[in-house]
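Here is a short report on a two-chain model. Please keep the sequence and the 3D view open while reading.

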Amino acid sequence: MAPTKPFDLRIEVDTYVNRLDNNLLLNSEESDELRDHFHCQVEELSELGLSEEEAFEVSKMRFGERQLIQTEFHKAKPMKMIYRYLMVGLLLLFSLELIEALIAYCSAFMFILIDQLHVPFQTASIIDLSIKGSLLVTLSFCVYFKLKQGTISKWLLWFIPVMSIVAQLTVPALFNFGMSYDSSVYFSIAGKAIMNSKIIMVISYLLSVGLFFVLWHRNGKSLRLSN
Amino acid sequence: MQNYSKELIAASTIPIVLSILKRGDNYGYKIIKEVQEISEGALNWKEGSLYPVLTKLEKNKLISSYIKTENGRNRKYYSLNDTGKSFLVQLQSEWQSLHEIMQKIWRPQNPLILE
């Protein structure tokens, strides 16, 4: 028979508080406060003759239904969830932008194969499709495992927005490369309008990246991070 | 022992917490114990429900908090600030006036009383 694990109050309290805060609404002070509550109560009940394990069971019962407490915390911090959804939404947008850029780079590589290295069109297409296919499969697996883990690495939170900015700035240049520059297009009214809308797009993109970092700084704990 | 309705308990939680904090700085577990002691066990809160209330009061800047290390643990103490004090005065007057109205309605000679 396997030996039973000895009861460790600290571990049990930590596990219970973490489960209570599975939506990551609490900051470290609030989590410590809940831990302190259980330790105080267990100490008090132990003085009355209960074992630590029994005292902790009684404390949990007195504490109330977990779901109810979670709902109350949600009501007390309604913006926290909105900020989190906004962060996840922005991250998704940056990821899509990055994937789009990677595909664009693959297409540029295909142009180089055909134009510079004179690879036959069909062979270049097969190479292009295989690179894009393996890229998408790898990314899908990465996303699947990340979702399964329920965590996101800290470096990814930096990498995705920063690289998506690089993509925003470099991909259009990639396709303009080698094309003849016709200044009359840029100085025409339509040309100026296109330029203005591009500038506005880039500025809004930079602002959304800025917003993402501000949200991350203020609500860092609302995403489950791994190192 | 008196059993209070959920609604009444919910409505009275904020004035009770603010009144306890008016007596001096305190932390979550001790607030619960003091309420149980004063009410002689009649006000039996689900203990966990106090913490979201404290969070809400702090967010609304009615109370403020600080951390003290006791018994090797970080303990979050709350104190009533000036905004909280004036809000408590307002709440006291509301509950007092409601209490007076109830007293008048329930007075036996009052023809409004329902059998």
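Phe121(A) is exposed, because just 10 other C-beta atoms lie within 10 Å. Burial is counted on C-beta atoms placed from the backbone: a residue is buried with 20 or more others within 10 Å of its own, exposed with 12 or fewer, and partly exposed in between. Phe121(A) sits in helix H6 (residues 121–149) of chain A. Helices (H or I, at least four residues) and strands (E, at least two) are DSSP runs, numbered from the N terminus. Phe111(A) lies 10 residues from Phe121(A) in sequence and 9.4 Å away in space, C-alpha to C-alpha.

The model is predicted: local features need pLDDT of at least 70, side-chain atom pairs count only at pLDDT 80 or more, and totals for chains, interfaces and linings use all residues. Residues are numbered from 1 along each chain as its sequence is written, while chains are lettered from A and ligands numbered from 1 in the order in which they are written.

**Chain B**

Chain B has 4 helices and 3 strands. Along the sequence they follow the pattern α-β-α-α-β-β-α. Of its 115 residues, 23% count as buried. Contacts are also counted; two residues are in contact if their C-beta atoms, placed from the backbone, lie within 7 Å. Among contacts in chain B between residues at least 6 apart in sequence, 50% join residues at least 24 apart.

**Helix H2 of chain B**

Which residues of H2(B) are buried? They are Gly28(B), Tyr29(B), Ile31(B), Ile32(B) and Val35(B). These residues lie on the same side of H2(B), because they cover an arc of only 165° around the axis. The arc is that of the directions from the helix axis to the C-beta atoms. In general, an α-helix has 3.6 residues a turn, so residues three or four places apart point the same way. The cover over the buried residues of H2(B) includes helix H2 (28–47) of chain A, together with helix H1 (6–22), strand S1 (26–27) and H3 of chain B.

**The strand pair**

S2(B) and S3(B) run antiparallel and are joined by 8 bridges. Two strands pair if DSSP finds at least two bridges between them. Ser65(B) stands opposite Tyr78(B) in S3(B). The hairpin of S2(B) and S3(B) has 2 residues between the strands.

**Positive phi**

Three residues of chain B with positive phi are listed here.

| Residue | Phi | Place |
|---|---|---|
| Glu40(B) | near 55° | loop between H2 and H3 of chain B |
| Lys61(B) | near 60° | loop between H3 and strand S2 (63–70) of chain B |
| Asn71(B) | near 50° | hairpin of S2(B) and S3(B) |

Glu40(B) follows H2(B). Glu40(B) is exposed because 9 other C-beta atoms lie within 10 Å. Lys61(B) is exposed as well, with 12 other C-beta atoms within 10 Å.

**Where the chains meet**

The contact takes 16 residues from chain B and 19 residues from chain A. On the side of chain B that touches chain A, helix H2 (28–38), helix H3 (50–59) and strand S3 (73–80) of chain B each supply at least two residues. H3(B) gives the largest share, 5 residues. By type, this side of chain B divides into 4 nonpolar, 5 polar and 7 charged residues. Here Ala, Val, Leu, Ile, Met, Phe, Trp, Tyr, Cys and Pro count as nonpolar, Asp, Glu, Lys and Arg as charged, and the others, Gly among them, as polar.
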